[in-house]
Amino acid sequence: MSVTIKNVLQAEEKMMRDTYCRVLTELAGKDQNIMALDADLMSSSGMKPFMKAFPDRFVNCGIAEANMVGVAAGLSAMGYVPFAHTFGTFATRRVCDQIFMSAAYAKLNVRIIGTDPGVCAAYNGGTHMPLEDMAVLRAIPEMILIEPTDSVMLENLLPQIAGQRGVYYIRLNRKNAVGVYEAGSAFTIGKGAVLRDGKDVTLFASGIMVAETLEAVKLLEEQGVSARVVNLFTWKPIDAELIVESAKQTGAVVTCENHNVVGGLGSAVAEVLVKNRPVPVEMIGVQDEFGEVGPEDYLRGRFNLTAVDIAAAAMRAVKRKP
């Protein structure tokens, strides 16, 4: 794994959904078994170019997400590699039993893509705001849960996801992500990426929270606190070795997620630490609440998902150290 982060963090020019469609189309050109399934959201998911390139390998299942997962499972049983897309709420809550029974329990080879994670659902509001999607699927045995940070990471991970067997859930921001990584950065599924080293506290982050965490580092430096930053983009299987190593090095931890803290990344990290290296842990995330309607910037502040909130949590964790 070789990772380089950008000196200046700013929104990418292209939406992540466009990178997703382009890379998946390229992969489908090399592998005739790759298929795309849609729940009548091909415009929102940006999948029209794939449909035009491979009309015989694109299935619009309509607004019938449970059936879509069943179709994906059936295609997998026939030797295909299906990628099924819809909003994160419909890709998880609505189809949990189908994912469990038809895909995971049957040990098939399915990829489910849930878009607009957490507060990224913005004006679609609480009904469409998946703040529990990773928690729901984390409880299913052998599931692989990934949240790409930006388009560079997504482009590197997709060939790995397409080439490995298993049931994957990819939590995807379909809009313009903040670009964190330089082109050419490479990642390994199941292994976290260390972005900054530090000695006082470790900040574990995923998705949109990675950029917020890097901004929090600057605020902490002003207060004389040295923070290590780790991108845990694979929520399951979690990188337990890196989590324990980071806790040993810094003695305090803050987890940062665009998700409910119940059952999410904070829970996954805490489960590792309580068994192996108990240290003070603070959790930045939605504190067991429902989402609401609003612009994303407002929602980040409303649910305390900002760099200022992360820095404050880091100070609390440091003060709790023995």
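Let's start at the surface of this predicted model. Tyr105 is exposed, with a relative accessible area of 61%, which is over the 50% cut-off. You'll find Tyr105 in the loop between α5 (96–104) and β5. Together with Phe100 and Met101, Tyr105 forms a nonpolar patch on the surface, and the three share about 330 Å² of accessible area.

Now zoom out to the whole chain. The domain assignment splits the protein into domain 1 (5–179) and domain 2 (193–319). Where they touch, domain 1 puts in 32 residues and domain 2 puts in 37 residues. The C-alpha centres of the two domains lie 25 Å apart.

Next up is helix α1, made of the 15 residues 16–30. How far apart are its end C-alpha atoms? They are 21 Å apart, which agrees with the 21 Å you'd expect at 1.5 Å a residue. Plenty of α1 is tucked away: its buried residues are Met16, Arg17, Thr19, Tyr20, Cys21, Val23, Leu24, Thr25, Leu27 and Ala28. What covers them includes the strands β2 (34–38), β4 (81–87), β5 (110–115) and β7 (167–172), along with the helices α2 (48–53) and α7 (151–163).

On to charges. Side chains of opposite charge can pair when their charged atoms come close. This structure holds 19 salt bridges, and here are three of them:

| Pair | N to O distance |
|---|---|
| Arg228 and Asp197 | 3.0 Å |
| Asp200 and Lys199 | 3.3 Å |
| Arg300 and Glu296 | 2.6 Å |

Take Arg228 and Asp197. Arg228 sits in strand β11 (residues 227–231) and Asp197 in the loop between β9 (193–196) and β10 (201–205), so their salt bridge ties together parts that are 31 residues apart in sequence. Are the two partners buried or exposed? Arg228 counts as buried, at 4% relative accessibility, while Asp197 counts as exposed, at 55%. The next pair is also a mix: Asp200 is buried at 15%, whereas Lys199 is exposed at 55%.

Arg300 and Glu296 are both in helix α11 (residues 296–302), 4 residues apart, which means about one helical turn separates them. Arg300 is buried, with a relative accessible area of 13%. Elsewhere, salt bridges with shared partners link Arg22, Glu26 and Glu155 into one network.

Last stop: Ser246, in helix α9 (residues 240–250). Ser246 counts as buried, because its relative accessibility is 0%. Leaving out residues up to four places away in sequence, Ser246 touches Thr202, Phe204, Arg228, Val230 and Gly251. Arg228 is the salt-bridge partner of Asp197 from the table.

Technical notes:
Residues numbered from 1 in each chain as written. Predicted model: local features only at pLDDT ≥ 70, side-chain atom pairs only at ≥ 80, totals over all residues. Heavy atoms only, no water. Helix = DSSP H or I, 4+ residues; strand = E, 2+ residues; numbered from the N terminus. Expected span 1.5 Å × (residues − 1). Buried < 20%, exposed > 50% of the residue type's maximum accessible area, 1.4 Å probe, protein only. Contact = heavy atoms within 4.5 Å. Patch = residues over 30% accessible without salt bridge, like charges linked within 9 Å, V, L, I, M, F, W, Y side chains within 5 Å. Areas by Shrake-Rupley, 256 points an atom, 1.4 Å probe, with all protein chains shown as cover. Salt bridge = Lys/Arg side-chain N within 4 Å of Asp/Glu carboxyl O. Domains from an automatic or database assignment.
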